[in-house]
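Please open the structure in your viewer and keep the selection panel at hand. The tour below suggests what to select at each stop and says what is to be found there.

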Amino acid sequence: MRWSFWAAMVFNREQQPSMLRDFVFSGALRGYAISAGFAVQLLLSNVTTKVAFGQINTFISMVLLLTFLATSAPTRQLVRELGAFGLTERRRLAQEFIGNAHLWIILSAAVALAALFLGETDLALIVATVAVIFAAAIYSAYFRGIGRYVIGNIEAGVIRSTVFMAILAIAMLFGRELAVPVAQLSYLGAVAIGLLLLMFARGDWPSIEFSRRVLWPYGTFPLTLTILAGLETFFVNFDIIVTTYLYGADVTAEVRVAQQLRSLTMLPLQVYLMFAFDRLSRTLRTGVETSARRREIALIRILLAVTFIAAIALSGLFGTLFFEGGTDFLTTLAVLSGVVPIMLFGPKAELVIAAAREGDHKAKTMVFLLAYVVLTPFLCWALDLPPWSYFCAQATMSAFFFTSLPKAI
């Protein structure tokens with residue numbers, strides 16, 4: 001690649017200052033979120049047993065996976081439409097989405113209370129937590145769509161982690177060992193506080209109309225959009241659940257630590273998408289500033305390569321922060337290998353979503369999903385393969401899938 005390209009990418013006077021400012025600002029926010037998430041896991045490992053640590057993370061992954069399936073498509077739709085056309089043109093759409101979030105809280109509260117009455121505490125906690133996270137995700141998407149990136153990314157990344165971290169810190173300070181249900185309830189409380197603050201920030205409470213349209217205003221369930229819109233979220237949480245059933249809570253605990261390191265590795269891309277998804281949507285749907293977006297993505301891929309190498313070098317030390325004796329190096333390396341396809345090909349799935357072209361890739365997405373969800377777990381179970389083989393196989397499959405997606409920009 002010519003030197004002039006790299007010079008333009010790094011020193012472009014028109015586009016780079018804006019990206020640099022947004023990147024630093026969003027980076028500080030995301031950096032705190034990563035640090036808080038790290039602190040949460042570290043504190044959790046100190047106030048629970050290793051098995052309880054794995055069980056609590058399995059619960060969190062379960063509710064996040066369910067919420068991912070319910071919210072990935074709607075949140076991308078809302079950000080995409082508001083980013084491309086503005087709140088004035090899409091105000092009714094925004095009101096419908098937020099009204100739907102309120103309606104689901106009411107319905108889920110009724111289901112949770114019924115489950116509690118029947119003695120199904122675990123089901124009640126899962127239903128209630130999913131409902132609150134669902135509403136918080138819709139509110140966050142609204143703020144991101146209108147360009148208020150800080151508020152749009154503050155609930156999951158800052159408020160939820162900070163409140164949960166504070167609860168765990170108090171437990172550790174008083175020398176208490178948290179039982180699994182208490183930790184789950186604490187997580188639900190942290191999510192609820194974040195949602196209330198988002199509601200307060202928006203101010204306007206929409207009316208709720210009980211109709212089929214308001215119950216699900218997103219059209220037919222867009223499975224392709226759902227999967228492509230949150231591959232990393234899907235991978236992390238699905239892998240935790242599968243690991244628990246295939247290898248037990250002890251291995252799950254080590255995998256969760258490795259995933260924490262993987263999240264740190266993905267920081268450059270996560271920060272970029274925090275503030276750039278709406279501008280990617282504008283570029284891919286209007287053709288403006290294409291060169292600027294290409295330079296940004298090339299720079300992000302370079303940064304991913306740097307963080308990937310650093311993560312491998314620090315993996316041994318990182319594991320010892322959580323457990324005596326650290327974590328298995330091969331398993332950690334296999335978990336980190338999931339970053340490689342994005343590092344090589346860029347955020348292809350997000351670009352397909354930003355271009356509103358997900359409908360062109362239904363077949364290949366379904367084949368990939370079936371292989372990831374069914375084929376690899378079955379083979380690992382049938383052949384009694386070690387944990388590292390599961391993650392290496394999934395990373396390889398992801399690489400083939402990314403290769404099949406077209407270059408969008």
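The stops that follow go from the confidence of the model to two helices, a cavity and some loop residues.

**Confidence of the model**

Begin by colouring the chain by pLDDT, since this is a predicted model. The mean pLDDT of the protein chain is 81, and 87% of its residues reach 70 or more. Now select residues 1-17, where pLDDT stays under 50 and for which the model has 19 contacts beyond four places in sequence. Where pLDDT is low, the predicted coordinates should not be read in detail.

**Helix α9**

Next, select residues 231-247, which form helix α9. Its 17 residues should span 24 Å at 1.5 Å a residue, and because the C-alpha atoms at its ends are 23 Å apart, the expected and the modelled span agree. The helix is mostly covered, with 13 of its 17 residues buried.

Within this helix, pick out Asn237. Is Asn237 buried or exposed? Its relative accessibility is 6%, and therefore Asn237 counts as buried, the cut-off for buried being under 20%. If you leave aside the neighbours within four places in sequence, Asn237 is in contact with Ile60, Ser61, Leu64 and Leu65, so you may wish to show those four residues with Asn237.

Then step just past the end of the helix to Gly248, which follows α9 and has a positive phi, near 100°.

**Helix α17**

Move on to residues 387-404, which are helix α17; at 1.5 Å a residue its 18 residues should span 26 Å, and its end C-alpha atoms lie 27 Å apart, which agrees. Several residues of α17 are buried, among them Tyr390, Phe391, Gln394, Ala395 and Ser398.

**A cavity**

A search of the whole structure finds four cavities of 30 Å³ or more, and the second largest of them holds about 60 Å³ of space. To see its lining, select Phe235, Asp239, Arg262, Ala334, Val335, Gly338, Tyr372, Phe391, Gln394, Ala395 and Ser398. The elements that give two or more residues to this lining are α9, α13 (329-336) and α17. Which element gives the most to the lining? That element is α17, with four residues. By type, the lining residues of this cavity divide into six nonpolar, three polar and two charged.

**Leu317 in helix α12**

Now select residues 290-320, helix α12, and find Leu317 within this helix. With a relative accessibility of 58%, Leu317 counts as exposed, because the cut-off for exposed is over 50%. Add Thr327 to the selection: Leu317 and Thr327 are ten residues apart in sequence, and their C-alpha atoms are 9.3 Å apart in space.

**Two loop residues with positive phi**

Most residues other than glycine have a negative phi, and the last two stops are worth a look with that in mind. Select Glu289, which lies in the loop between α11 (267-286) and α12; its phi is near 60°, a positive value in a residue other than glycine. Glu289 counts as partly exposed, because its relative accessibility is 43%.

Finish at Asp384, in the loop between α16 (362-382) and α17. Phi of Asp384 is likewise positive, near 55°, in a residue other than glycine, and Asp384 is exposed, with a relative accessible area of 70%.

Methods:
Residues are numbered from 1 along each chain as its sequence is written. This is a predicted model: local features need pLDDT of at least 70, side-chain atom pairs count only at pLDDT 80 or more; totals for chains, interfaces and linings use all residues. Side-chain values use heavy atoms; hydrogens and water are left out. Buried means under 20% relative accessible area, exposed over 50%, partly exposed in between (1.4 Å probe, protein chains only). Contact means heavy atoms within 4.5 Å. The expected span of a helix is 1.5 Å times one less than its number of residues. pLDDT is the predictor's confidence in each residue, from 0 to 100. On a 1 Å grid over the protein atoms alone, a cavity is a set of points where a 1.4 Å probe fits but cannot get out, and a pocket is an open set with protein on both sides within 12 Å along at least five of seven lines; lining residues have an atom within 4 Å of a point. Grid points are joined across faces, edges and corners, and a volume is the space filled by probe spheres set on the points. Ala, Val, Leu, Ile, Met, Phe, Trp, Tyr, Cys and Pro count as nonpolar, Asp, Glu, Lys and Arg as charged, and the others, Gly among them, as polar.
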